[in-house]
Amino acid sequence: MADINTIDENVPENCPGVQSEGAGKSSACAGCPNQTLCASGKASGPDPALPEIKKRLASVKHKILILSGKGGVGKSTLTAHLGHGLAENEDIQVGVLDIDICGPSIPRVMGLDGEQVHQSGSGWSPVFVEDNLAVMSVGFLLGSPDDAVIWRGPKKNGLIKQFLRDVDWGVIDYLLVDTPPGTSDEHLSIVQYLKTVGITGAVVITTPQEVSLLDVRKEINFCKKVKVPIIGVVENMSGFVCPKCKNTSQIFPATTGGAEQLATDMEIPFLGKLPLDPRIGKCCDEGKSFLTQVPDSPAAKCYKEIIQKIVDYCSSHENGIA
């Protein structure tokens with residue numbers, strides 16, 4: 001069984017990183033087997049793990065990042081339901097990789113609390129929700145869901161590298177990567193490593209109000225700077241649909257035009273609006289798929305339309321980008 005205490009055990013807790021001027025010279029480097037290499041400056045070349053990652057992910061067809069500069073906009077909920085929706089087709093194999101290291105929500109949202117990761121001769125085995133829906137998260141490596149992961153950037157980088165290099169996904173059609181908020185360590189690491197095998201694109205999620213759009217613009221610019229294609233933007237919590245009367249109320253008014261105007265301004269595709277439905281939150285808390293629990297709801301219909309647009313995009317970008 002894999003354990004969080006054995007992850008990248010050769011990386012010092014306060015490692016400054018190989019690109020830092022203090023690489024191999026800081027007090028945290030004392031006793032590290034790579035200290036001499038880092039101090040010489042030779043460690044700043046290509047990561048030796050890149051060929052291993054490329055070999056491991058050669059059987060993964062489409063790699064899709066779920067991004068947002070803002071926290072609390074529904075990245076994990078969207079990721080989980082994209083996974084459930086894609087896996088409704090039994091001929092499609094789906095993997096979900098949760099790299100939100102400090103706040104892993106995927107195990108709870110996908111009904112996998114208490115599951116553990118096992119090691120075999122071929123690597124780490126992901127946890128399966130369905131025969132064609134596999135999941136990997138740091139949440140499976142914690143002793144308790146309440147345990148805090150208190151790591152600096154290099155340690156996070158090491159875990160992401162280990163996930164990409166060691167998890168045995170097998171042959172899958174879609175790998176959905178749930179990311180934390182922001183544009184820093186985890187995002188740079190996942191882009192750096194996945195670029196070796198091609199990133200199909202990113203789905204950016206926001207809520208309608210300007211305070212969310214401000215951060216999402218930064219995320220879109222991040223994608224443009226690191227040359228990650230943007231599949232499109234999704235507006236979550238776009239109005240409240242009453243489960244009884246079906247009327248829609250605007251809980252978070254789009255004072256500046258919302259995600260649709262953002263997509264127009266930044267010249268990226270708009271994938272659709274997902275309304276608020278209290279049953280979505282209930283399903284996530286219970287680890288169930290909203291798409292199968294309430295299949296006739298307006299929100300479920302919107303999810304399926306967005307999923308189809310993503311599938312259509314992937315069909316026209318079969319090989320991703322180098």
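This passage describes the fold statistics, the annotated binding-site positions and two helix pairs of a predicted model.

The protein chain contains eleven helices and eleven strands. Of its 322 residues, 51% are buried. Among contacts with a sequence separation of 6 or more, 78% join residues 24 or more positions apart. The accessible surface of the protein chain amounts to about 14,600 Å², of which carbon and sulfur atoms supply 49%.

Two sets of positions carry the annotation "binding site" in an unreviewed UniProt entry. One set in that record comprises G69, K70, G71, G72, V73, G74, K75 and S76. Within this set, G72 lies in the loop between β1 (60-67) and α3 (75-87), whereas S76 belongs to helix α3. The two residues also receive separate accessibility assignments. G72 has a relative accessible area of 65% and is therefore classed as exposed, the threshold for that class being over 50%. For S76 the value is 12%, so this residue is classed as buried, the limit here being under 20%. When residues up to four places away in sequence are set aside, S76 is in contact with S105, I106, V109 and D178. One of these partners, D178, falls in strand β7, which spans residues 172-178.

The other set listed under "binding site" in the unreviewed UniProt entry consists of C242 and C245. C242 is located in the loop that connects β9 (230-241) with β10 (248-249), and C245 is likewise placed in the loop between β9 and β10. With a relative accessible area of 44%, C245 is classed as partly exposed, because this value lies between the 20% and 50% limits.

Two helix pairs were examined next. Two packed helices are described by the angle between their axes and by the distance between those axes. In the pair formed by α5 (residues 153-166) and α6 (residues 185-194), the axes come within 9 Å and cross at roughly 35°. This crossing of α5 and α6 is right-handed. Helix α5 contributes G153, K156, N157, I160, K161 and L164 to the contact, and α6 contributes D185, E186, S189, I190, Y193 and L194. By class, the contact of α5 with α6 comprises five nonpolar, three polar and four charged residues.

Helix α6 is mostly covered, with seven of its ten residues buried. The buried residues of α6 are E186, H187, S189, I190, V191, Y193 and L194. Their packing partners are α2 (50-56), β1, α5, β7 (172-178) and α7. Of the buried residues in α6, E186, S189, I190, Y193 and L194 also take part in the contact with α5.

Helix α7 (residues 210-225), one of the elements against which the buried residues of α6 pack, is paired with α8 (residues 258-265), the axes coming within 11 Å and crossing at roughly 35°. The crossing of α7 and α8 is right-handed. On the α7 side the contact is made by L213, V216, R217 and I220, and on the α8 side by G258, A259 and L262. The residues in the contact of α7 with α8 divide into five nonpolar, one polar and one charged. R217 of α7 is the charged residue in this contact, and G258 of α8 is the polar one.

Key
Residues numbered from 1 in each chain as written. Predicted model: local features only at pLDDT ≥ 70, side-chain atom pairs only at ≥ 80, totals over all residues. Heavy atoms only, no water. UniProt positions renumbered as here; feature names shortened; annotations may be inferred. Helix = DSSP H or I, 4+ residues; strand = E, 2+ residues; numbered from the N terminus. Buried < 20%, exposed > 50% of the residue type's maximum accessible area, 1.4 Å probe, protein only. Contact = heavy atoms within 4.5 Å. Areas by Shrake-Rupley, 256 points an atom, 1.4 Å probe, with all protein chains shown as cover. Axes fitted to C-alpha atoms, helices over the stretch in contact; angles between N-to-C directions. Left-handed = near helix turned anticlockwise from the far one by under 90°.
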